[in-house]
Amino acid sequence: MTATGLSVGRPVDAPPARRFRLTTPVLLLGIAGLVVLLSVARVVTGANDITSAGTVSAALGLAVPIGLAGLGGLWSERAGVVNIGLEGMMVLGTWFGAWGALQFHNPWAGVLAGAIGGALGGAVHAVATVTFGVDHIISGVAINIVGLGFTQYLSKLVFDGMPGGGAKQSPPLPSLPTLGIPGIGDPLRSLEARHWFLLSDVAGILRGVTQNVSSFTILAILLVPLTFYLLWRTAFGLRLRACGERPVAAESLGVNVYLYKWLAVLVSGFLAGLGGAFLSIVAAGIYRDGQTGGRGYIGLAAMIFGNWRPGMLAGGATLFGYTDALQLRQGGASVHALLLAVALLLAAVAVYQLVRQRRTRAALFTAIGAVVVFVVFALTHTVPEQFTSFTPHLTTLLVLSLASQRLRMPAADGLPYRRGQTT
């Protein structure tokens with residue numbers, strides 16, 4: 001023993017590495033940093049649309065159905081049931097939302113009908129997976145196929161022959177009211193039009209999220225903190241999450257695992273149906289065949305990116321909605337400007353990994369990525385239209401590949417469970 005009481009030659013346990021925690025100050029700092037990067041990219045490239053109010057408003061509208069689908073997947077998978085049938089449940093929501101709005105001449109009736117339509121798909125998934133123990137993936141794929149075929153049949157049966165309707169679309173739907181903060185729209189528009197560094201960008205973002213926002217969008221945003229509260233701050237949520245982590249242990253403590261899984265999958269379908277109703281009633285004002293465009297799958301990607309947590313899920317949905325909005329507004333020029341922002345962001349991440357985390361190899365690979373993206377930006381003047389339409393899907397693939405190392409799904413997610421099993 002030495003004077004310090006430690007054995008000579010015996011290794012001393014290193015202190016555990018501090019785990020990164022996403023606190024509110026860190027989140028706000030990160031958002032501010034992203035706005036600065038986008039402002040730099042706008043000033044350098046002249047692509048004013050990347051922070052315009054129109055782009056931000058479009059991004060918000062495009063993020064809502066993705067976020068609702070992701071929330072639906074979160075509820076289901078937190079209870080241990082994989083739900084890749086979200087796409088089919090969204091399809092049901094688009095049709096039933098349009099039907100309800102037309103049948104009752106009220107858009108809110110359509111919202112409720114769309115949610116119920118999605119919940120019916122969730123009930124089918126729950127019967128198959130929870131009650132009968134069918135493989136979750138097989139059941140989800142079946143719902144996606146049946147949902148598409150079922151709505152096509154219903155469209156021909158109900159909408160065909162209506163004024164303005166047809167076999168693949170509904171008549172125009174009644175619209176929902178929009179809301180905004182009075183008195184700030186014109187000053188923000190004036191400041192945005194000056195194209196000053198940072199100030200105009202902040203003005204554009206604020207105008208996009210405070211003016212002419214659909215009441216449905218506000219409802220969808222409120223569902224994110226409501227989900228967090230119910231699942232992480234209540235006894236009900238604790239029991240439901242226990243069913244997705246250790247269902248055998250939960251059952252031994254008196255939790256009705258089947259009941260909680262059923263409730264979770266029904267809520268999952270309900271939320272996915274809301275996302276579908278948003279597409280038909282708010283985003284388009286009409287039902288069209290194939291309206292979801294794979295947003296149920298992108299919602300699953302947002303859920304995985306968010307590590308099965310509501311807050312990060314909302315961030316992922318916003319990211320996918322933003323990239324989708326960019327390719328719709330000045331497509332090639334806007335996406336080209338985004339390349340510069342991505343290069344700067346990767347360079348900042350590389351510096352952080354090298355200085356704070358001492359991860360030399362990771363910092364090297366990130367720096368190489370930053371250089372490659374910057375070279376592509378420097379050698380081109382725009383992005384071809386064929387690639388801009390693929391931007392949201394490419395973003396999905398990149399985000400999932402970069403986030404895969406820190407993900408932790410619920411321990412019993414997708415595993416078969418029968419009442420009374422011991423392991």
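Visitor: What sign does phi have at Asn 212, just after α7?

Guide: Positive, at about 55°. Here is the general idea: most residues other than glycine have a negative phi. Asn 212 is not a glycine, yet its phi is positive. This is a predicted model, where local features need pLDDT of at least 70, side-chain atom pairs count only at pLDDT 80 or more, and totals for chains, interfaces and linings use all residues. Residues are numbered from 1 along each chain as its sequence is written, and side-chain values use heavy atoms, without hydrogens and water.

Visitor: Where is Asn 212, and is this residue buried or exposed?

Guide: Look in the loop between α7 and β2 (213-214). Helices (H or I, at least four residues) and strands (E, at least two) are DSSP runs, numbered from the N terminus. Asn 212 has a relative accessible area of 62%, so the residue counts as exposed. The cut-offs are under 20% for buried, over 50% for exposed, and partly exposed in between (1.4 Å probe, protein chains only).

Visitor: Which other residue has a positive phi although it is not a glycine?

Guide: His 195, at about 60°. Find His 195 in the loop between α6 (185-193) and α7 (199-210). Its relative accessibility is 41%, so His 195 is partly exposed.

Visitor: How do I read the span of α7?

Guide: Expect 1.5 Å times one less than the number of residues. α7 has twelve residues. From first C-alpha to last, α7 reaches 16 Å, close to the expected 16 Å.

Visitor: Which residues of α7 are buried, and what do they pack against?

Guide: The buried residues are Ser 200, Asp 201, Ala 203, Gly 204, Arg 207, Gly 208 and Thr 210. They pack (heavy atoms within 4.5 Å) against α1 (24-45), α2 (53-78), β1 (178-179), α6 and β2.

Visitor: What is the volume of the second largest pocket?

Guide: About 340 Å³. Of its 19 lining residues, Ser 57, Gly 61, Phe 278, Val 282 and Ala 283 are the closest to the centre. α2, β2 and α11 (257-283) each give two or more residues to this lining. A pocket is an open set of points on a 1 Å grid over the protein atoms alone, with protein on both sides within 12 Å along at least five of seven lines; lining residues have an atom within 4 Å of a point.

Visitor: Which element gives the largest share of that lining?

Guide: α2, with six residues. So α2 appears twice: α2 packs against the buried residues of α7, and α2 lines the second largest pocket.

Notes
1 Å grid on protein atoms, 1.4 Å probe; cavity = no way out; pocket = protein on both sides within 12 Å on 5 of 7 lines; lining within 4 Å. Points joined across faces, edges and corners; volume = space filled by probe spheres on them.
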